[in-house]
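Student: I am new to this structure and should be grateful for a close look at a single part of it. Please describe one helix and the way its surroundings are arranged.

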Amino acid sequence: MYAATLLVVAIAIEVASTALLPRTEGFRNPAWTVGVVAGYASSIWLLSIVVERMPVSVAYAIWSGLGTALVAAIGVMFLGEHLTAAKAGFLAMIVVGVVGLNLSGAH
């Protein structure tokens, strides 16, 4: 349970950092750059704690897969990105893959 909670926090921090990445203006805005880099570093640090308690393949699949899907959703909802049927389908496959890993007893 502890690892799962830390993994959710790591994903949330990574997603927030990625969503804020455009504000760095190509790393020309120092304040946003420091915030985004600190967010990524925090997320990776939490992930390093998580992999002490669950297999790295499962932890990383969940972290990257759900992070990707959430960033895509944020892009559509808040950043003016377009959602095509293909994009939605491929994102769904990522989520199905992460769920499948967990249900297969990989941890």
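Tutor: A definition is needed at the outset: the axis of a helix is a line fitted to its C-alpha atoms over the stretch in contact, and the angle between two axes runs from 0 to 180 degrees between their N-to-C directions. The model discussed here is predicted.

The setting may be given briefly. The protein has four helices and zero strands, and along the sequence these follow the pattern α-α-α-α. Of its 107 residues, 30% are buried. The C-alpha atoms fill a box of roughly 45 × 35 × 15 Å along the principal axes. Among contacts between residues at least 6 apart in sequence, 65% join residues at least 24 apart.

The part chosen for the close look is α1, taken together with its two partners, α2 and α3. With α2, α1 packs at an angle of about 160°, and the two axes are 8 Å apart. Angles over 145 degrees count as roughly antiparallel, and α1 and α2 are therefore roughly antiparallel to each other. Their crossing is left-handed. On the α1 side, the residues that meet α2 include Tyr2, Ala3, Leu6, Leu7, Val9 and Ala10. On the α2 side, the residues they meet include Trp32, Val36, Leu46, Leu47, Ile49 and Val50.

One residue of α2 shows this contact in detail. Setting aside residues up to four places away in sequence, Val50 touches Ala3, Leu6, Leu7 and Ala59.

The loop between α1 and α2 holds Thr24. Is Thr24 buried or exposed? Its relative accessibility is 3%, so Thr24 counts as buried. Apart from residues up to four places away in sequence, Thr24 touches Asn29, Trp32, Thr33 and Val36.

The second partner of α1 is α3. These two helices pack at an angle of about 40°, with 9 Å between their axes. That angle makes α1 oblique to α3. In passing α3, α1 makes a right-handed crossing. From α1, the contact draws on Leu7, Ala10, Ile11, Glu14, Val15, Thr18 and Ala19; from α3, the residues taking part include Ala59, Ile62, Trp63, Leu66 and Gly67.

The partner α3 merits a description of its own. At 1.5 Å a residue, its 23 residues should span 33 Å, and the end C-alpha atoms are 31 Å apart, which agrees. Its buried residues include Val58, Ala59, Ala61, Ile62 and Trp63, and also Gly65, Gly67 and Gly75. Covering the buried residues of α3 are, among others, α1, α2 and α4. After α3 comes Gly80, whose phi is positive, near 75°.

The nonpolar core brings these helices together. In soluble globular proteins, nonpolar side chains tend to be buried together. Here the largest nonpolar core has 16 residues, and those with the most contacts inside it are Leu7, Ile11, Val50, Met54, Ile62 and Trp63. The elements that give two or more residues to this core are α1, α2 and α3. The largest share, six residues, comes from α1.

In summary, α1 is roughly antiparallel to α2, is oblique to α3, and gives the largest share of the core.

Key
Residues are numbered from 1 along each chain as its sequence is written. This is a predicted model: local features need pLDDT of at least 70, side-chain atom pairs count only at pLDDT 80 or more; totals for chains, interfaces and linings use all residues. Side-chain values use heavy atoms; hydrogens and water are left out. A nonpolar core is a set of buried Ala, Val, Leu, Ile, Met, Phe, Trp, Tyr and Cys residues joined through side-chain atoms within 4.5 Å. Buried means under 20% relative accessible area, exposed over 50%, partly exposed in between (1.4 Å probe, protein chains only). Contact means heavy atoms within 4.5 Å. The expected span of a helix is 1.5 Å times one less than its number of residues. Angles under 35 degrees count as roughly parallel, over 145 as roughly antiparallel, 65 to 115 as roughly perpendicular and the rest as oblique. A crossing is left-handed if the near helix is turned anticlockwise from the far one by less than a right angle, and right-handed if clockwise.
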